[in-house]
Amino acid sequence: MSDHYVKVKVQLEQMKSLGQDAEKEGVDAEQVPVSSPSASDSPDPSSITIPATDASSTSKPRGKSRSKPGKDDKSSSGKQISDLSLHGSVVSATAEKNLNRLGYERTLHIRGTGKILQGKSETNGNYVTIHASKNGQQARREDGFKLARKRRPVTVDTSKAKTSLEALKISIRQLKWKEFPLGRRAACDIYWHGVSFHDNENIVSGQVNKFPGMIEMLRKINMSRAVRTMQELFPEEYDFYPRSWILPEEYQQFSTQIRMVKENDATVNPTFIVKPDGGSQGDGIYLIRDPSDLKLMAGSQAKQSVVQEYIQKPLLIDKLKFDIRLYVLIKSLEPLEIYIAKEGLTRFCTEPYQEPSQKNLSHVFMHLTNYSLNVHSGNFVHSDSQSTGSKRTLSSVLYRLAAKGVDIKRVWSDIIALVIKTVIAVVPELKVYYQADIPPGKPGPTCFQILGFDILLMKNLKPVLLEVNSNPSMRIEHEQEVAPGVFEYVPSPVDEEVKVGVIRDTLRLMDPGHRKPIIAQIRAGGFEHGEEIPMEAESQERSPEEIGSLPSLCLKQVYPKYTKQFNYLRLVERIAALFIRFLGVKGNMRLGPTAFRTFIRTCKLSNSNFTMASVDILYIDITRRWSGAMPDSREAGMGLQAFVEAFFYLAGRRFKSLALKEQVVSLLELCEAQLGPQSGVEYRRSLSCSRALPRAIKAQTLCLTNPQLSSPAPLRRAASQDYRLHQRLKPRTLRANVEN
Ligand code: ADP
């Protein structure tokens, strides 16, 4: 029996025993839709490799969790290698190129045979010689020693790490890398910042663990806007984000729409959650049932916030609402590389859930899952176990659901899709920030970032995105009331287990000497649309020393791995590429009127019916409304979101008879064709979702006779928007609706 099947068997046993445990503990059976455990429905054990941990264990010594060369880890690394060999023929074709480029030696395992093939690629040749090794272990060891001799320890500047310091230190120790707690005169390979890219301004090389602009981009309003743009283009694909309105600017639409809904159907009684823009940890959040309950302040005091449809039927466990904290690594923006941690956290409320009613609206321990709030409830359960208490591992929750017959493979696949789509929504603006802080000519540094996705599972198991944290807590201690009113930080095994894994494996992936995983390259074509995304572990080639002491990577590459499924969504990124091209002066984030004119002229978008005077008016109109929508923006000019609005408008005027998405694709193709080869041809080649334009549709002229009347917002506003609860979100039909 191969390693792989032994592992599957072990996992099945674990699930069985967990199922029994769960039975005893009593998962809220009404809350969990139970699918019959048919062969096709039951979780595919080969793809459930989440737990590097035993979810059924009740406690674990701290020391052990810091370095776990456990049985599971070995077998999963075995599986990865056999996955490689499965694609052996592809390796010879695809990996050859990579091997040649890298000039590395490598070994391949053949599943079930115990044989190891060893190959050497030549940097100057175009062949790979593969020969059976006499003694695979020995060969690997020799290979590893050569590598170890060549490599100097990776250096990490931890002087700005703040609250992630403890987990970072453990990670660096496990990797045998070199820490510089006070910084270093010479450059380090990696700089770990606790808050933002700008924590240390003097970095010109290496890698920083924060992207410029990520904090701004992920603030609640900005994030809602970015997702909304995608909802306009791809309403079905982006229905995982609750319908939201931006306050105070959209107060009127919000109240009108809700009034209409209630008038149409008196039985509908929705609830809304109001979140201040810059808030975190549940601060300032409250629930309302009517727009008149909004705590709006007049004038300059008006608080910028997002009001959002409240998900009334979340999935419950033990009658409690919970949410998922998933760690996601953006390894690179260009090319886009996304990894998801297979292990995450679940945070539980501390008061049994009831659907919102006027009586319970203010019960924060019932409705808000924030740890920072619930820790202060008398019911908060600190537990060293990963599967009990008010904070648990994601795998323990998934196992529990699996034991109840839930198709967790499907859930996981939906979560991965949600993550990729969300990242695709925010990447365009991140690229604008990136070029402003690190213009192409500047030596560096490059960036990566761990994000914290907060996800709620609805009763029907659909994942819903609540928010994305640019700076997720990496603390491995938790607050505990050691005496009445006295809180202290005490070690938290669950946090340590999850967070050290995420940081350590992020570092491993960012290791300057790290070689790209072959599997990711082989499968860059991805999976077909609609195909379920498997949960198997990520492959990473490691030296024998590492194999001996470190568990397999807990981060799984999901992009470019699933490029095929999601690339068609990257339309706004192509618009951003145009925007950046016309920004001109390095460091700019906004387009001036002249640059906007140049864009129109270069792309040949003006003519006798749409004169340059009309272009100027369009520019002024849109820019003015957007600066009203973003009163705190210091820079004048047209930002990306305003440019996207202008682009949608131009597309709508030019290709009237098409749907918005096709209009945008058509205009993009037109612009890119005018700009020549370097303008996004790459994008076009890989990203285009367009069908060829029907010949009958000729380029239509823009006729902006009265820009005030035909300005984008009124044009794109639906006279009456019907409001429906979350099952199907309507695309937003209005952007930046500050009417002057
Ligand atoms: P914060 O950044 O302050 O934590 P969140 O957006 O994460 O703000 O919201 C706080 C909590 O409120 C979430 O953890 C979740 O429990 C709950 N929540 C947020 N949005 C919704 C929603 N649309 N429906 C139901 N619950 C929500």
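This report walks through a ligand site, a helix pair and a few unusual backbone spots. Keep in mind that the model is predicted.

**The ligand site**

Let's start with the ligand. There are 23 residues around the ligand, and K275, G282, T369, N370 and E467 come nearest. Three side chains put an N or O atom close to a ligand oxygen, as the table shows.

| Side chain | Partner | Distance |
|---|---|---|
| K220, N or O atom | ligand oxygen atom | 2.9 Å |
| K275, N or O atom | ligand oxygen atom | 2.7 Å |
| T369, polar atom | ligand oxygen atom | 2.6 Å |

On its own, the ligand would expose 540 Å², and the protein buries 99% of that. Which elements give two or more residues to the shell around the ligand? They're strands β9 (272-276), β11 (305-309), β13 (320-332), β18 (449-457) and β19 (463-469). As for chemistry, the shell is a mix: 8 nonpolar, 8 polar and 7 charged residues.

**A crossing helix pair**

Now for a piece of helix packing. Two packed helices are described by the angle between their axes and the distance between the axes. Here the pair is α18 (residues 571-583) and α21 (residues 640-654), with axes that come within 10 Å and cross at roughly 105 degrees. An angle of 65 to 115 degrees counts as roughly perpendicular, so that's how α18 and α21 sit relative to each other.

What does each helix bring to the contact? From α18 come V572, I575, A576, L578 and F579, and they meet L640, F643, V644, F647 and F648 of α21. By class, the residues of this contact are 10 nonpolar, with no polar and no charged ones.

**Backbone oddities**

Most residues other than glycine have a negative phi, and most peptide bonds are trans. A few places in this model go the other way.

Take the bond from L247 to P248: it's cis, with omega near 5 degrees. P248 belongs to the loop between β8 (244-247) and α9 (251-264). Another cis peptide bond joins E334 and P335, with omega at about 5 degrees. Where is P335? P335 lies in the loop between β13 and β14 (337-341), and β13 is one of the strands that give two or more residues to the ligand shell.

Then there's K162, a residue other than glycine whose phi is positive, near 50 degrees. You'll find K162 in the loop between β4 (155-160) and α6 (165-175).

Conventions: Residues are numbered from 1 along each chain as its sequence is written. This is a predicted model: local features need pLDDT of at least 70, side-chain atom pairs count only at pLDDT 80 or more; totals for chains, interfaces and linings use all residues. Side-chain values use heavy atoms; hydrogens and water are left out. Axes are lines fitted to C-alpha atoms, for helices over the stretch in contact, and angles run from 0 to 180 degrees between N-to-C directions. Helices (H or I, at least four residues) and strands (E, at least two) are DSSP runs, numbered from the N terminus. Angles under 35 degrees count as roughly parallel, over 145 as roughly antiparallel, 65 to 115 as roughly perpendicular and the rest as oblique. Contact means heavy atoms within 4.5 Å. Ala, Val, Leu, Ile, Met, Phe, Trp, Tyr, Cys and Pro count as nonpolar, Asp, Glu, Lys and Arg as charged, and the others, Gly among them, as polar. A residue is near a molecule or strand if one of its heavy atoms lies within 4 Å of it. A polar contact is a pair of N or O atoms within 3.5 Å; within protein, one must be able to donate a hydrogen and the other to accept it, and residues adjacent in sequence count only if both atoms are side-chain atoms. Accessible areas come from the Shrake-Rupley method with a 1.4 Å probe; for residues, only the protein chains shown count as cover.
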